[in-house]
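Reader: I should like to learn how to read the features of a structural model in an orderly way. May we work through one together?

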Amino acid sequence: MAAEKISILAVEDDRDLLELTSVILGNESRVECTTDPAEALRSMMTRHFDLLITDLSITHGGDGLILADAMRHLQPHARTALITGYPDFTRALAAMQGTLDKVLLKPIEVDDLRKLPQLTHTAVRTALDPGRKTLWTLIEGQKTELLKEWLAMVEREGLPRAGSRPDES
């Protein structure tokens, strides 16, 4: 009997990289791709995923971290991999063990992309250090409502593009 395919959510504004991810991982996994963080969040709230692969900056800086944190709390069993073109941030991002399982630097090697589903076979994530609190720990009781409000705002107003100032969006 064949093993069940793992389910992957890939979020990336680079359509070529998104298509490459789908092609490379699609034979062994079910891959859902999107360029829209709001659509990704809706998917997280309604479907099961084993792995999130997200760019750091999709529509604006850091929204990949928001998605990774949302996945960590909506689907704690799921693994998260963040892709970034900012080499200066890779050490800091890798240190965020409570949210990220893997950080990859662009340009991504095909072999590194192929290995990402293996993250789902690693031991269960350890709990955060009791003295360390994430944003989600502080607002745990309100996360579903806050995510719904954020999603409604994004659908209504959209998100500013990377590098734009609030008064320019």
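**Salt bridges, a helix and two cores**

Author: Lysine 106 counts as partly exposed, since its relative accessibility is 27%. This is a predicted model, and the values that follow are computed from it.

Reader: With which residues does the side chain of lysine 106 meet in a salt bridge?

Author: One partner is glutamate 12, at 3.2 Å from N to O. The other is aspartate 55, at 3.3 Å from N to O.

Reader: How is the exposure of these partners to be read, buried or exposed?

Author: The general idea is that a residue is called buried under 20% relative accessible area and exposed over 50%. Glutamate 12 is buried because its relative accessible area is 3%, and aspartate 55 is buried as well, with 4%.

Reader: Where in the chain do the members of each pair lie?

Author: Lysine 106 is in the loop between β5 (102-105) and α5, while glutamate 12 is in the loop between β1 and α1, 94 residues apart. Aspartate 55 belongs to strand β3 and is 51 residues from lysine 106. Both pairs link distant parts of the chain.

Reader: How many salt bridges does the structure hold?

Author: There are six. Another of them joins arginine 114 to aspartate 111, with the closest N and O atoms 3.3 Å apart. These two residues both lie in helix α5, three residues apart, which is about one turn of the helix. Arginine 114 is partly exposed, with a relative accessible area of 49%, and aspartate 111 is partly exposed, with a relative accessible area of 49%. Through shared partners, salt bridges also join Glu12, Asp55 and Lys106 into one network.

Reader: Let us turn to a helix. What span does α1 reach, and what span is expected?

Author: The general idea is to compare the distance between the end C-alpha atoms with a rise of 1.5 Å a residue. Helix α1 (residues 15-26) has twelve residues and reaches 16 Å, close to the 16 Å expected. At its start, a side-chain oxygen of aspartate 14 comes to within 3.0 Å of the backbone nitrogen of aspartate 16.

Reader: Which residues of α1 are buried, and which are exposed on the other side?

Author: Leu17, Leu18, Thr21, Ile24 and Leu25 are the buried residues of α1. They lie on the same side of α1 because they cover an arc of only 135° around the axis. Arg15, Asp16, Glu19 and Val23 are exposed on the other side.

Reader: Against which elements do the buried residues of α1 pack?

Author: They pack against β1 (6-11), β2 (29-34), β3 (51-55) and α5 (110-115).

Reader: How many residues has the largest nonpolar core, and which have the most contacts inside it?

Author: This core has 21 residues, and those with the most contacts inside it are Leu9, Val11, Leu41, Met44, Leu52, Leu67 and Met71. The elements that give two or more residues to this core are β1, α2 (37-46), α3 (63-74) and α7 (143-157). As a single case, leucine 67 is in contact with residues beyond its neighbours within four places in sequence, among them Val11, Leu41, Met44 and Leu52. Another core, of 14 residues, lies apart from the largest one and includes Ile6, Ile53, Ala81 and Leu104.

Terms used. Residues numbered from 1 in each chain as written. Predicted model: local features only at pLDDT ≥ 70, side-chain atom pairs only at ≥ 80, totals over all residues. Heavy atoms only, no water. Helix = DSSP H or I, 4+ residues; strand = E, 2+ residues; numbered from the N terminus. Expected span 1.5 Å × (residues − 1). Buried < 20%, exposed > 50% of the residue type's maximum accessible area, 1.4 Å probe, protein only. Arc of directions from axis to C-beta. Contact = heavy atoms within 4.5 Å. Polar contact = N/O pair within 3.5 Å; in protein donor to acceptor, adjacent residues only side chain to side chain. Salt bridge = Lys/Arg side-chain N within 4 Å of Asp/Glu carboxyl O. Core = buried A, V, L, I, M, F, W, Y, C linked by side-chain atoms within 4.5 Å.
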